[in-house]
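I opened this model to look up two things: the surroundings of the ligand and the state of the cysteines. My entries follow.

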Amino acid sequence: MKSSLRCFALLSLLWLPMAQRISAETAKPMEKKAFGTTSDGKAADLYVLTNKNGMEVSITNYGGIVTSIKVPDRSGKMADVVLGYDALDGYVADKVYFGALVGRYCNRIGHAEFSIDGTKYTLAKNNGDNTLHGGIKGFNKALWDAKDVSKRDEPALELTYLSKDGEEGFPGNLKVTVVFTLTGKNELKIDYSATTDKKTVVNLTNHSYFNLAGQGSGDILKTVLRIEADKITPVDSGLIPTGDLKSVQGTPFDFRKPTAIGERINADDEQLKLGKGYDHNFVLIKNKPNGLTLAARAEEPTSGRVLEVWTTEPGTQLYTGNFLDGSIHGKGGVAYTQRSAFCLETQHFPDSPNHPKFPSTLLAPGQRYHTTTIYKFSSK
Ligand code: BGC
């Protein structure tokens, strides 16, 4: 009796690591493919992450760009739900930040300048009088070092980049690490971290343009959106925050109850007119600052695809592709027309370096910047 018990215990010990090995084999190993050469002769790669459910995310180390996200609809049919291009040259020429890793400071910095401890820093003006998404050559145009950091059945890609002191006018050598993990729960988890050797400002985001019916399949006006925000940071004509926080109550910006994006997008509202639609930062309701909370949930009624955005960030920019005008031909040659995608760019508020009352984007030597955003897909 005793010996059969011992035999059973031994067999279970052998079985346990075997079971772990089997589950580890359910996610495909990360695939690495050549993705072309930049104009200065540097080779870029494309990394394909596939989870055990068959969800597939492709990321290039050129600009840390998420080039495709393939997820099932309610009947299991897969579609690529982000706008982009078929090849590297599209991303090299791109000016609208499809799928990009945006930095050193995403969104706008007013008048292209800010001060730290009385020292004024002047940046490139690439958006009227302002700096947008890091300047002329933002992080989305850099070639990042890539490393496969997959664990068990979760494929993961680590990208690192050293943004040198003075790059685009920003102070300090900034060491940036971004880890993209595709979980077994159909989540694309993005962990951003950075350290500096001189006081600087940092605000990193991902600029995916989502169309949950599938990229290139028309507008997103029927997509039903909920945003966990009771205020926005209203903007001036240059889309720079005025510094006020405006309640969404009774305005087209109230997405606390799920509402179709198109329902009020053409309303007679000063803020909507300034953005040519939604192009605004929402102040997220946070019960604990820096805690990972639900920021937004989007549901596409035809396909049933659902996207939830979770973040540690205090804000998210809702941009409804207002400046797309059909002149960009993306994947498969499709013309991307106005409002054919929406972005939910999790972030600190735009122009924070010039608004001391906004949550701070300052990073000092010895501190570590760390934020997490999760794009979670499902269907209904
Ligand atoms: C900005 C838009 C801009 C778009 C593409 C968004 O984050 O808020 O104004 O057109 O990015 O650059």
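**Ligand site and cysteines**

I started with His133, where a side-chain N or O atom is 3.0 Å from an oxygen atom of the ligand. I kept in mind that this is a predicted model.

I then looked up two further side chains. For His207, I noted 2.8 Å between a side-chain N or O atom and a ligand oxygen. For Arg108, the corresponding distance from a ligand oxygen to a side-chain N or O atom is 2.7 Å.

Next I checked how much of the ligand is covered. The ligand alone exposes 310 Å², and the protein buries 94% of that.

I listed the residues around the ligand: Val96, Tyr97, Arg108, Leu132, His133, His207, Tyr209, Asp279, Gln317, Tyr319, Phe323 and Glu345. Sorted by class, I have six nonpolar, three polar and three charged residues in this shell.

I also asked which pocket the ligand takes up. The ligand's space is the largest pocket.

I turned to the cysteines. How many disulfides does a search of the whole structure find? I recorded zero.

Why is Cys106 not bonded to Cys343? The closest cysteine sulfur to that of Cys106 is in Cys343, and I recorded no bond because the two are 12 Å apart, whereas a disulfide needs the sulfur atoms within 2.5 Å. From the other side, Cys343 is in no disulfide either, and its nearest cysteine sulfur is that of Cys106, 12 Å away.

Last, I checked whether these cysteines are buried or exposed. Cys106 has 0% relative accessibility, so I entered Cys106 as buried. Cys343 also has a relative accessible area of 0%, so I entered Cys343 as buried.

Methods:
Residues numbered from 1 in each chain as written. Predicted model: local features only at pLDDT ≥ 70, side-chain atom pairs only at ≥ 80, totals over all residues. Heavy atoms only, no water. Near = heavy atom within 4 Å. Polar contact = N/O pair within 3.5 Å; in protein donor to acceptor, adjacent residues only side chain to side chain. Areas by Shrake-Rupley, 256 points an atom, 1.4 Å probe, with all protein chains shown as cover. 1 Å grid on protein atoms, 1.4 Å probe; cavity = no way out; pocket = protein on both sides within 12 Å on 5 of 7 lines; lining within 4 Å. Sits in = over half its atoms within 2 Å of the grid points. Nonpolar A, V, L, I, M, F, W, Y, C, P; charged D, E, K, R; others polar. Buried < 20%, exposed > 50% of the residue type's maximum accessible area, 1.4 Å probe, protein only.
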